[in-house]
Amino acid sequence: MKLVTYNIRYALGLDGKHDYDRITQAVHGADVIALQEVERHWRRSGMADQVALIEERLPRYHSCYGPAFDVDASETAPDGHVTRRRRQFGTMILSRWPIREARSHILPKLATRQNFNMDMGALECVIASDRGPIRVFSIHLSAISIRERLLQIDHLLDLRRNARARGGSWTGEGPVRNESEWQEFLRRDWNNGEPVPEMTDKTVWMGDFNSVPEGPEYCQIVGEFDPTIGGRLLHADGFADSWHLAPPDGNDDPGHTWWPDPPDRAPGRPLRLDYCFLSPELAPHVIRKWVDAEAQGSDHRPYWVQLSDDI
């Protein structure tokens, strides 16, 4: 199974052009794709519906979009006719397999006085893969402060810990102890004739975490290095960094996924900001990881992870 995460920077490439073909070509062939900074109806991208443009170019994939930022972009004609549009910015997941259910999570935000700040989000999808259900998140954390990112990570960890208590998008079979109510429930077809969504502990976090390895945000996810055990302890409710799980491949690639564009943009050097974190059920199955350093469609680069077939 091949996973890829890519912050597409609303398809604005290193040449200053919006090109959706090179975005989709850079991720084509993955089984599961997590995208960030996908927008709809912004002036800077020509009022394009980027979700539709991406879906058109990947017709063999199921897809779901989760806007975190949603404001008015409508226009009213002189005769009063309203062209209804929402200006949105968010995350997207595409999958070779059906997306059984999806939830969009708005992450905690702290108001700012000077620096621009906006709502950020995480899209959660349960994917019905041919190896069983997998819970995949496309995540975009705030770029504004460590404090805010730590709040957002705590929120996501709570979602992980409480997943089974919360259950799927719907739970329960219906009012089985009351025959008349049971028949009414069946007539109204509340579950659309489908079974309760299957729960799974197999979880993938992919996305732009706007934080560097060994920073406080990173350690909040994977745990601090513990000298008594010579490493990090992977707890049942925790995650492991896929970059360190793959077998050695003989190169010294530092895994940088973001390059300053323009080159003198702070901090003036490439950074590793994009990750694929895996729950303990998936962590032992990483067989390869790599950054597509040749991609030109964004200031980020796609980060790929391949899992073995025995997951």
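Begin by selecting strand 6, residues 86-95: 8 of its 10 residues are buried, so this strand is largely enclosed by the rest of the structure. The model on display is a predicted one.

**The neighbours of strand 6**

Next, add strand 2, residues 32-40, to the selection. Strand 2 and strand 6 are antiparallel partners, joined by 7 bridges. To see one position along this pairing, select Leu-35 and Met-92: Leu-35 lies opposite Met-92 of strand 6.

Then select strand 3, residues 62-72. This strand also runs antiparallel to strand 6, and 10 bridges connect the two. Two positions may be displayed here. At one of them, His-62 faces Ser-95 of strand 6. At the other, Phe-69 has Phe-89 in strand 6 as its bridge partner.

**The whole sheet**

Now widen the view to the sheet. Which order do the strands of this open sheet follow? The 6 strands are arranged as 3-6-2-1-14-13, and their pairing is mixed. Strand 3 and strand 13, residues 286-291, form the edges, each pairing on one side only. From one strand to the next, the twist averages 15°.

**The helices on the sheet**

Select helix 1, residues 20-27, which packs on the sheet. Helix 1 touches strand 1 (2-7), strand 2 and strand 14 (303-307), and its direction makes about 150° with that of strand 1.

Continue with helix 2, residues 50-57, which likewise packs on the sheet. The strands touched by helix 2 are strand 2, strand 3 and strand 6. The direction of helix 2 makes about 145° with that of strand 2.

**A closer view of Gln-88**

Return to strand 6 and select Gln-88, which is found in this strand. Is Gln-88 buried or exposed? Its relative accessibility is 9%, and because buried means under 20%, Gln-88 counts as buried.

Display the side chain of Asp-70 together with that of Gln-88: the two side chains make a polar contact at 2.7 Å.

Finally, show the surroundings of Gln-88. Leaving aside residues up to four places away in sequence, Gln-88 touches Val-38, Glu-39, Arg-40, Trp-42, Tyr-65, Pro-67, Phe-69 and Asp-70. Among them is Phe-69, already selected above as the bridge partner of Phe-89.

Terms used
Residues are numbered from 1 along each chain as its sequence is written. This is a predicted model: local features need pLDDT of at least 70, side-chain atom pairs count only at pLDDT 80 or more; totals for chains, interfaces and linings use all residues. Side-chain values use heavy atoms; hydrogens and water are left out. Buried means under 20% relative accessible area, exposed over 50%, partly exposed in between (1.4 Å probe, protein chains only). Helices (H or I, at least four residues) and strands (E, at least two) are DSSP runs, numbered from the N terminus. Two strands pair if DSSP finds at least two bridges between them. Axes are lines fitted to C-alpha atoms, for helices over the stretch in contact, and angles run from 0 to 180 degrees between N-to-C directions. Contact means heavy atoms within 4.5 Å. A polar contact is a pair of N or O atoms within 3.5 Å; within protein, one must be able to donate a hydrogen and the other to accept it, and residues adjacent in sequence count only if both atoms are side-chain atoms.
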